[in-house]
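Please open the model in a viewer that can select residues by chain and number. The tour below proceeds selection by selection.

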Amino acid sequence: MLLDPVRATFRAIAATVVPEASALDDGGWGALEALVEKTLEPRPASVKRQLVLFIRTIEHLPRLRWGRGFSALTPDERTRFLSGLERAPSLLLRRGFWGLRTLVFLGYYARPEAAAAIGYRAEARGWEARRA
Amino acid sequence: MNTRAYDVVVIGSGAGGGAVASGLAPLARGGYRILVVEQGARLRDEEFTGKEAEMADALYEDGGGFLTADGAMTLAFGRVWGGSTVVYTGTSLVAPKRVIDGWRVPGLTHADVERRSRKFMDENGVHFLEPDLLNENNRLFVEGCEKAGFRAEQFPLNLRGCKGSSLCNLGCPNQAKQGTHRVQLPAALADGVEAVTRAEALRIDGTRVILRVSAPAPGEKGEPSEWAPGEYVVSAKVIVAAGGSIGTTALLLRSGLGPSLPRLGAGFTCHPAHILVAEHGRPITNDVGHPKSFFLDRAAEDGYVLETCMYFPFITAKNLTGFGAPHATLMRAFPRLQMILVLACDKAVPQNRISVDADGKAVVRYAFTKETVASLVKATRAAARIFFAAGALRVHAPSADPPLLERAEAGAIDARVSERHFRTGRISVSAAHLMGGCGMGSSAADSVTDSWGRVHGRPGLFVADSSLFPDSLEINPYLTVMAVADRAAERIREDAGALLGAPGSAR
């Protein structure tokens, strides 16, 4: 699986992007990652390589400032680091983080459990169901 | 290599391809062989589940995540039997006269576009949604517009038996939306037009279309193709490219038409859009009812349009700027969220164009002009005023930093929402009205086709989709796509003797 070599960092990123993800059990993480893997499956190999490289970069870059990898940072430090990427002068870095956060949002919020947890109730029967 | 012979091959089954198929049905009844080719699958009614990830995968190119070359904008377009008419909201507007006049296409008049648009409005059951089916997300928009000094207008919609699932953009689970897959294509098939789905048009080689037909992947939604998997050479006397702005342009470029058509790929526009979200103090009906019932048209004055909208959890999350606790807090307020889609009416500029890479895959280069960013910012400020006027407690505006405006800041919207915060790669911008690439005009020097969609110098090759638009349409485009496609069909019908010969000769 694509995320295998960077799973710990990916989960640390995901739990920073969506704090509720830190409460997921193994099944929840499995569902989140399965959605991400499925989305990435048809993408070109170069895109997949870039993603893994970007996650590895996120793991190692914080050593320059904090002397520890991303996974070993406190939640506040992780947030500060990712905020730096989100506001980086380089479009490449901003775009990379935007893509990664999009994947996390997909994995987290496209799960029916997460949608229900935030109160999303759309269904095919529409008004009939809501007015029942 | 498998071979087939037809009189006419129509590539694409969306608003353009569906209208052409319908317009050519009389020829099919008269004995001509007509084939509609669709790259996507034909879904069974029960496969429209409304589940966000699986429907996005089944209905959209790249699952809805097709990116511009610099990765700064997401382009959404359908890849399914019925094309983007399966995933739009059914909003049915006739092109404004000033826009069609402004295109200055010799032979194309607004009166003709309007007449054809109204024909399709009748055919598709277009009407205003009944008041008891309007949700609060839409009512609050109208109320906010009134209080903020704007005039909201109601969208005419092409719905029959809408139950208000709010799932339009994931394909209607109740078959209420009258897309080409529900109206024009079934009628055309009943008249003898043939169809092949899961068939990708690789290139056009003179009077032949090279197709690759694929088998469904394990677990994939949709019927298998009508043809066995493999590559096909399909000969045709007339070929109609109707694969949408990106699909058609890329196909013609892959087919080597670039050198003889210097404008091929030029003139791409797309109505770049933000989804704006505001939180109210109480739950409102938002994820039930038709999502897009009203709009505010400021295209002529300020270069933008506001539309009501309601999106699904992932799309909503993706379109909010930021991450972490503030983002999650807003997501947890989902039942209290009001949403407005802000669209900029971008103009065709030389740097925005469609090309293909070495593998023939479409590449869209798009840079936001100063004017487009200014329109998005003006639109965002107007939407923020409307939200607050409707009673919202806070508004999320992508071009503000921080993006959340509290009610106490309602008097400082102009200062808080600004062009300087429009930073690509940080904020989400998406577009679903993809136009241009094969613009209409008078000669190959200024365009790709004439006003009937006939490619310059290629009497048997037509284009019939939004790629024909020489500049932005400034409204939701499907009816105008059908109108220009109807013109192409009419030209083929009227010239059938010269173009096609006698019925039966393609067998």
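Select A:Thr9, A:Phe10 and A:Ile13 in α1(A), then add A:Ile55, A:Ile58 and A:Glu59 in α3(A), which they meet. Contact here requires that the C-beta atoms of two residues, placed from the backbone, lie within 7 Å. Helices (H or I, at least four residues) and strands (E, at least two) are DSSP runs, numbered from the N terminus. By class, this contact of α1(A) with α3(A) holds four nonpolar, one polar and one charged residues. The classes count Ala, Val, Leu, Ile, Met, Phe, Trp, Tyr, Cys and Pro as nonpolar, Asp, Glu, Lys and Arg as charged, and the others, Gly among them, as polar.

The model is predicted: local features need pLDDT of at least 70 and side-chain atom pairs count only at pLDDT 80 or more, whereas totals for chains, interfaces and linings use all residues. Residues are numbered from 1 along each chain as its sequence is written, while chains are lettered from A and ligands numbered from 1 in the order in which they are written.

Now display the whole of α1(A) together with α3(A), residues 45-60 of chain A: the two helices pack at an angle of about 75°, and their axes are 9 Å apart. That angle makes α1(A) roughly perpendicular to α3(A). Axes are lines fitted to C-alpha atoms, for helices over the stretch in contact, and angles run from 0 to 180 degrees between N-to-C directions. Angles under 35 degrees count as roughly parallel, over 145 as roughly antiparallel, 65 to 115 as roughly perpendicular and the rest as oblique.

**The contact between the chains**

Next, colour the residues at which chains A and B touch: 36 residues come from chain A and 33 residues from chain B. On the chain A side, the elements that give two or more residues are α1 (7-17), α2 (26-40), α5 (75-86), α6 (91-109), α7 (112-117) and α8 (126-130). Which element gives the most to this side? It is α6(A), with ten residues. By class, the side of chain A that touches chain B has 18 nonpolar, seven polar and eleven charged residues.

**Chain B as a whole**

Hide chain A and show chain B as a cartoon, in which 14 helices and 21 strands can be traced. Its radius of gyration is 22 Å, close to the 23 Å that the globule rule gives for 507 residues, so chain B is as compact as a globular protein of that length. The radius is taken over C-alpha atoms, and the rule is 2.2 Å times the number of residues to the power 0.38. Along its principal axes the C-alpha trace of chain B spans about 75 × 45 × 40 Å. Of the 507 residues in chain B, 63% are buried. A residue is buried if 20 or more other C-beta atoms, placed from the backbone, lie within 10 Å of its own, exposed if 12 or fewer, and partly exposed in between.

**Helix α5 of chain B**

Select residues 136-148 of chain B: this is helix α5, whose 13 residues reach 17 Å from first C-alpha to last, close to the 18 Å expected at 1.5 Å a residue. The expected span is 1.5 Å times one less than the number of residues. Its buried residues are B:Asn137, B:Asn138, B:Leu140, B:Phe141, B:Val142, B:Gly144 and B:Cys145. Their cover includes β13 (294-298), β14 (304-308), β15 (337-344) and α11 (370-389) of chain B. Just after the helix comes B:Gly149, with a positive phi near 85°.

Add α11(B): its axis and that of α5(B) come within 7 Å and cross at roughly 105°. The two helices are therefore roughly perpendicular to each other. B:Phe141, B:Gly144, B:Cys145, B:Lys147 and B:Ala148 of α5(B) make the contact with B:Arg385, B:Ile386, B:Phe387 and B:Ala389 of α11(B).

**Backbone details in the loops**

Most residues other than glycine have a negative phi, and most peptide bonds are trans. Centre on B:Gln175, where phi is near 55°, a positive value in a residue other than glycine. Is B:Gln175 buried, exposed or partly exposed? With 14 C-beta neighbours inside 10 Å, B:Gln175 counts as partly exposed.

Move to B:Arg198, in the loop between β8 (194-196) and β9 (199-205) of chain B. Its phi is also positive, near 55°, and with 25 C-beta neighbours inside 10 Å B:Arg198 counts as buried.

Finish at B:Pro402, in the loop between β18 (394-396) and β19 (404-406) of chain B. The peptide bond from B:Asp401 to B:Pro402 is cis, with omega near 0°.
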